[in-house]
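Student: I'd like to learn how to read a fold by working through one example. Can you walk me through it?

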Amino acid sequence: MRFLVQLGAMLLVALLVGFGLSWYALNDGRLFGAIEIGPWAAWRDVGIPAPDPYTRAFIARSGALELGASEGIQFVATTDSDHRRLDRACRYRIDGTTPAARFWTLVPVAPDSGAPIARPDGPTEFHSARLSRAGDGSVELYVSKTLAPLNWLEITGDGAFDLVLTLYDTSSLSGVGTSVAALPSIIREACA
């Protein structure tokens, strides 16, 4: 009898762990199929002919039309560089360099719908052709509701948001042994 109780307990633990990992893989899954660089995460196998099962689950769950592997890659940040959730009540400085790409965009979006949250009558995104750079090629971008210096994108609404960085026509993640060394930091400066 004792053996059956122990066997039942082990099966229950195995089921809970199995269902828990399956739920995680289908709802987030970054530990299994994504690459993470600081606060940025991307699904490397999106757009290839035979993606891994976790990437297929991400594609099915998101329902978005994804870029092909040769077209580019999309990174999403849900937190700042200190692992705090991005909040529209705060001002963020995106500071650093982007990997080599012919063109890139940075768009603040609502986490549930993916809709841009920038001011409707202004620019909806940063892009590589519409900003000023430092002498070393680095960028300093601001995303907030309040006025900020230099490259500033005004956002609207309340609550959490995500930042979507899309690198078009990039070779940063193609080929054997290549990788992205760094992406810009996301620094929370002040909150209202």
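Tutor: Let's go from the overall layout down to single residues. Keep in mind that this is a predicted model.

Student: Fine. How many helices and strands does the protein have, and in what order do they run?

Tutor: There are three helices and ten strands. Reading from the N terminus, the order is α-α-β-β-α-β-β-β-β-β-β-β-β. Buried residues account for 38% of the 192 residues. The accessible surface is about 10800 Å², and carbon and sulfur atoms make up 60% of that.

Student: What share of the contacts between residues at least 6 apart join residues at least 24 apart?

Tutor: That share is 66%.

Student: Now the sheets. In which order do the strands of the open sheet lie?

Tutor: The order is 8-7-4-10, with mixed pairing. To find the edges, look for strands that have a single partner: here they are strand 8 (151-154) and strand 10 (185-191), so each has one side without a neighbour in the sheet. On average, neighbouring strands in this sheet are turned by 20 degrees against each other, if you ignore direction.

Student: How many bridges join strand 4 to strand 10?

Tutor: Six, and the two strands run antiparallel. For a concrete spot, look at Tyr 92, whose bridge partner in strand 10 is Arg 188.

Student: And which strands does strand 5 pair with?

Tutor: Strand 9 is one, antiparallel over seven bridges. Within that pairing, Leu 106 stands opposite Leu 165 of strand 9. Strand 6 (residues 126-127) is another, joined to strand 5 by two bridges, again antiparallel. There, Thr 105 has His 127 as its bridge partner.

Student: Is strand 5 mostly covered or mostly open?

Tutor: Mostly covered, with six of its seven residues buried.

Student: Let's move on to the core. Which residues have the most contacts inside the largest nonpolar core?

Tutor: They are Trp 40, Phe 75, Trp 104, Leu 106 and Leu 163, in a core of 29 residues. The elements giving two or more residues to this core include strand 1 (34-37), strand 2 (40-43), strand 5 (103-109) and strand 9 (162-168). Try Trp 40 as an anchor: beyond its neighbours within four places in sequence, its contacts include Phe 75, Leu 106, Leu 163 and Ile 186.

Student: What about ring pairs? How many aromatic pairs does the structure hold?

Tutor: Two. To classify a pair, check the distance between ring centres and then the angle between planes. For Tyr 92 and Phe 161 the centres are 5.8 Å apart and the planes sit at 70 degrees, so you call the pair edge-to-face. Tyr 92 is in strand 4 and Phe 161 in the loop between strand 8 and strand 9, so this pair ties together parts 69 residues apart in sequence. Both residues are buried.

Student: And how do the rings of Phe 103 and Tyr 168 sit?

Tutor: Their centres are 6.1 Å apart and their planes at 40 degrees, so that pair is tilted. It links strand 5, home of Phe 103, with strand 9, home of Tyr 168, across 65 residues of sequence. Phe 103 is partly exposed at 31% relative accessible area, and Tyr 168 is partly exposed at 29%.

Student: One last case: why does Thr 79 count as buried?

Tutor: Its relative accessibility is 19%, and the cut-off for buried is under 20%, so Thr 79 qualifies. Thr 79 lies in the loop between strand 3 (72-77) and strand 4 (90-96). Setting aside neighbours within four places in sequence, Thr 79 touches Pro 39, Arg 84, Arg 85, Leu 86 and Ile 186.

Terms used:
Residues are numbered from 1 along each chain as its sequence is written. This is a predicted model: local features need pLDDT of at least 70, side-chain atom pairs count only at pLDDT 80 or more; totals for chains, interfaces and linings use all residues. Side-chain values use heavy atoms; hydrogens and water are left out. Helices (H or I, at least four residues) and strands (E, at least two) are DSSP runs, numbered from the N terminus. Buried means under 20% relative accessible area, exposed over 50%, partly exposed in between (1.4 Å probe, protein chains only). Contact means heavy atoms within 4.5 Å. Two strands pair if DSSP finds at least two bridges between them. Axes are lines fitted to C-alpha atoms, for helices over the stretch in contact, and angles run from 0 to 180 degrees between N-to-C directions. A nonpolar core is a set of buried Ala, Val, Leu, Ile, Met, Phe, Trp, Tyr and Cys residues joined through side-chain atoms within 4.5 Å. Accessible areas come from the Shrake-Rupley method with a 1.4 Å probe; for residues, only the protein chains shown count as cover. Rings of Phe, Tyr and Trp (its six-membered ring) pair if their centres lie within 6.5 Å; planes under 30 degrees apart count as stacked, over 60 as edge-to-face and the rest as tilted.
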